[in-house]
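Reader: I'd like to go through this one label by label. Could you show me the model and tell me what each label rests on?

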Amino acid sequence: MQPQTVGASAAIPELAPGDELTSEERWNLVWAAVNLYYTYDAATALAVSVLAMIAGLIFRLVIASNCESNVWILSVVLLSIRLLDFTCGCIGIVRNPVPSRSGFGCDILRNFMITFIQGVIALVQLIMGILLLANGGEDCILHGVLGVAAGLILLVQAGTESLVWLTILCLWCVAGSQPAPNWCDKYIPQRIIDEAKKNRRSEE
């Protein structure tokens, strides 16, 4: 029996030649990481929308006001969009944890569409808030201020998300011609490597 070397169990094993990932598979792992991030982000946004909806209902019940406003309709639409975004992210992770480049391209287009809808909702809410301030009278001042603030926040968020997805789209385009580095392969758990190589085995 040979004596074990101290610290050998903590060493990171090198991948065998047959276990090496292709450049496409490494990019697929990048898409998987982005999917996890935006699903988490969608879950956070959904929770914020739910809390905002509850706060709005409590506000209307506690503070008596004669102001007639349809801003709540936008809140319901935004909540539905957030729920759809989170649901699509979860379904994508369950069905295909490591998506291909073409599959992730569909995710990018869907997120651009959701971001565009969010931007439209933000503009409508901002305009409605300004109209309440201008024409709603004293009873609508607080509603108008909240509407303008919510519209501005949503507009900034939609602009930020657009820039993020535009950057990811550029990265997606680059992935079609540029190889991904292989220096991090040995740090990836074997189970994730096996998941990334599923498409290779199905093609074979």
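What follows is a chat about helix packing and burial in this predicted model.

Reader: Let's start broad. What makes up the fold, in helices and strands?

Author: The protein has 6 helices and 0 strands. Along the sequence that reads α-α-α-α-α-α. Of the contacts with a separation of 6 or more, 89% join residues 24 or more positions apart. Buried residues account for 30% of the 204 residues.

Reader: Why are helix H1 and helix H2 called roughly antiparallel?

Author: H1 covers residues 23–62 and H2 covers residues 71–95, and they pack at an angle of about 150° with axes 9 Å apart. Angles over 145 degrees count as roughly antiparallel, so H1 is roughly antiparallel to H2. As for handedness, H1 passes H2 in a left-handed crossing. On the H1 side the contact includes Leu36, Ala42, Leu46 and Met53, and on the H2 side it includes Val76, Leu79, Phe86 and Ile93.

Reader: What makes up that contact of H1 with H2, by class?

Author: There are 15 nonpolar, 5 polar and 2 charged residues in it. Alanine counts as nonpolar and arginine as charged, so Ala42 of H1 goes in the nonpolar group and Arg82 of H2 in the charged one.

Reader: How do you know that the length of H2 is close to what is expected?

Author: H2 has 25 residues, and from its first C-alpha to its last it reaches 36 Å. The expected span is 1.5 Å times one less than the number of residues, and for H2 that gives 36 Å as well.

Reader: And what makes the span of H3 agree with its number of residues?

Author: With 35 residues at 1.5 Å a residue, H3 should span 51 Å, and its end C-alpha atoms are 51 Å apart, so the two agree. H3 is followed by Gly137, which has a positive phi near 85°.

Reader: Back to H2. Which of its residues are buried, and what covers them?

Author: The buried ones are Val71, Leu74, Leu78, Ile81, Arg82, Asp85 and Gly89. Their cover includes H1, helix H3 (101–135) and helix H4 (141–174).

Reader: Why are H2 and H3 described as roughly antiparallel?

Author: Their angle is about 165°, with the axes 10 Å apart. Set that against the cut-off of over 145 degrees, and H2 and H3 are therefore roughly antiparallel to each other. H2 passes H3 in a left-handed crossing. Among the residues in contact are Leu78, Ile81, Arg82 and Asp85 of H2, along with Ile114, Ile117, Gln118 and Ile121 of H3. By class, the contact of H2 with H3 holds 12 nonpolar, 4 polar and 3 charged residues.

Reader: Ile114 turns up there. Why does Ile114 count as buried?

Author: Ile114 is in helix H3. Buried means under 20% relative accessible area, and Ile114 has 8%, so it counts as buried. Leaving aside residues up to four places away in sequence, Ile114 touches Ile81 and Asp85. Ile114 also sits 8.7 Å from Arg82, C-alpha to C-alpha, though the two are 32 residues apart in sequence.

Reader: Phe116 is in H3 too. Why is Phe116 called exposed?

Author: Exposed means over 50%, and the relative accessible area of Phe116 is 60%, so Phe116 is exposed. Its C-alpha atom is separated by 9.1 Å from that of Gly159, 43 residues apart along the chain.

Reader: What about Asn96: why is it neither buried nor exposed, but partly exposed?

Author: Partly exposed lies between under 20% and over 50%. Asn96 has a relative accessible area of 33%, so it is partly exposed. Asn96 belongs to the loop between H2 and H3. Asn96 and Ala32 are 64 residues apart in sequence and 8.8 Å apart in space, C-alpha to C-alpha.

Reader: One more pair, then. What makes H3 roughly antiparallel to H4?

Author: The axes cross at roughly 160° and come within 7 Å. With the limit at over 145 degrees, that makes H3 roughly antiparallel to H4. H3 passes H4 in a left-handed crossing. Their contact divides into 23 nonpolar, 13 polar and 2 charged residues.

Note on methods
Residues numbered from 1 in each chain as written. Predicted model: local features only at pLDDT ≥ 70, side-chain atom pairs only at ≥ 80, totals over all residues. Heavy atoms only, no water. Axes fitted to C-alpha atoms, helices over the stretch in contact; angles between N-to-C directions. Helix = DSSP H or I, 4+ residues; strand = E, 2+ residues; numbered from the N terminus. Parallel < 35°, antiparallel > 145°, perpendicular 65-115°, else oblique. Left-handed = near helix turned anticlockwise from the far one by under 90°. Contact = heavy atoms within 4.5 Å. Buried < 20%, exposed > 50% of the residue type's maximum accessible area, 1.4 Å probe, protein only.
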